[in-house]
Amino acid sequence: IVEHFPEISPGWLLTGEGDMFGRERTGHTIPLYAMESLRMQGWEQNDPECHLMMPIVEPCDVAVRSSDEGMSGEVMVGSILFLKKIGVEAIISGGLYVIVSANYVILRRVRIAEQEQMLRFEAANPDFDPMVVSEDQIEALYRVVASMRMY
């Protein structure tokens, strides 16, 4: 069999263990939480829904299931977002971010506002108005590294 199908792992063929095609797993495990849990103090101490093994190009800190309809059209509710925690100073204008404040956890496109130390949050869904907020109102900020659409 191995002579005719060299892509098949001899170890898997003999034992049934490992990957059938002998590929090594690449990537790392990422804890999956509900999006709203990011508002709770010490949310990292809670048990995640599960851990995901994802071959992601760029490492990330956490995965969340999106519950925000503000970006529908771009990101469906229920999609899994892979997030990297960053500081406000690292914002790239026009990027997609999950923003945590005392009152909300939202997914928006973030732009640097014309006023100093102000940010503009833009939604893809026309039912949601843009918001302009002060940088000091942001408790945590996560850049969306990747998303996985769930059907």
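How many salt bridges does the structure hold? In this predicted model, the count comes to seven. Several of them are worth a walk-through, starting with the pairs and then moving on to a network.

Take Arg39 and Glu36, to begin with. These two form a salt bridge in which the closest N and O atoms sit 3.8 Å apart. Neither partner falls in the buried class: Arg39 has a relative accessibility of 37% and so counts as partly exposed, and Glu36, at 39%, is partly exposed too.

Next comes the pairing of Arg65 with Glu49, a salt bridge with 3.4 Å between the closest N and O atoms. This one links distant parts of the chain, 16 residues apart: Arg65 belongs to strand S3 (residues 62–65), while Glu49 is found in the loop between strand S1 (28–34) and strand S2 (50–54). Arg65 is partly exposed because its relative accessible area is 31%. Glu49 lands in the partly exposed class as well, with a relative accessibility of 49%; since exposed begins over 50%, that value leaves Glu49 on the partly exposed side of the cut-off.

A further salt bridge brings together the side chains of Asp61 and Lys84, at 3.8 Å from N to O. Asp61 lies in the loop between S2 and S3 and Lys84 in strand S4 (residues 80–86), so this contact ties together parts of the chain that are 23 residues apart in sequence. As for exposure, Asp61 is partly exposed at 37% relative accessibility, and Lys84 is partly exposed with a relative accessible area of 29%. Lys84 also gives a handle on how the chain is spread out: 72 residues along the chain separate Lys84 from Trp12, and 35 Å lies between their C-alpha atoms.

Salt bridges do not have to come as simple pairs, and here Arg111, Arg120 and Glu122 are linked in a network of them. The loop between strand S6 (105–112) and strand S7 (118–122) holds Gln117, whose backbone stands out a little. Phi of Gln117 is near 60°, a positive value in a residue that is not glycine. With a relative accessibility of 51%, Gln117 counts as exposed, because the exposed class covers values over 50%.

On to the empty space. The largest pocket has a volume of about 160 Å³. Its lining includes a run of residues from Leu38 through Arg39, Met40, Gln41, Gly42 and Trp43 to Glu44. Lys85, Val100, Glu139, Ala140 and Tyr142 are also among the lining residues. By character, the lining divides into six nonpolar, two polar and four charged residues. Arg39 thus turns up twice in this account, as a member of the pocket lining and as the salt-bridge partner of Glu36.

Finally, the surface has a nonpolar side to show. Ile1, Val2, Phe5 and Leu13 form a nonpolar patch there, and together they offer about 360 Å² of accessible area. Within this patch, Ile1 sits in the segment before helix H1 (10–15). Ile1 counts as exposed because its relative accessibility is 63%.

Conventions: Residues numbered from 1 in each chain as written. Predicted model: local features only at pLDDT ≥ 70, side-chain atom pairs only at ≥ 80, totals over all residues. Heavy atoms only, no water. Patch = residues over 30% accessible without salt bridge, like charges linked within 9 Å, V, L, I, M, F, W, Y side chains within 5 Å. Areas by Shrake-Rupley, 256 points an atom, 1.4 Å probe, with all protein chains shown as cover. Salt bridge = Lys/Arg side-chain N within 4 Å of Asp/Glu carboxyl O. Helix = DSSP H or I, 4+ residues; strand = E, 2+ residues; numbered from the N terminus. Buried < 20%, exposed > 50% of the residue type's maximum accessible area, 1.4 Å probe, protein only. 1 Å grid on protein atoms, 1.4 Å probe; cavity = no way out; pocket = protein on both sides within 12 Å on 5 of 7 lines; lining within 4 Å. Points joined across faces, edges and corners; volume = space filled by probe spheres on them. Nonpolar A, V, L, I, M, F, W, Y, C, P; charged D, E, K, R; others polar.
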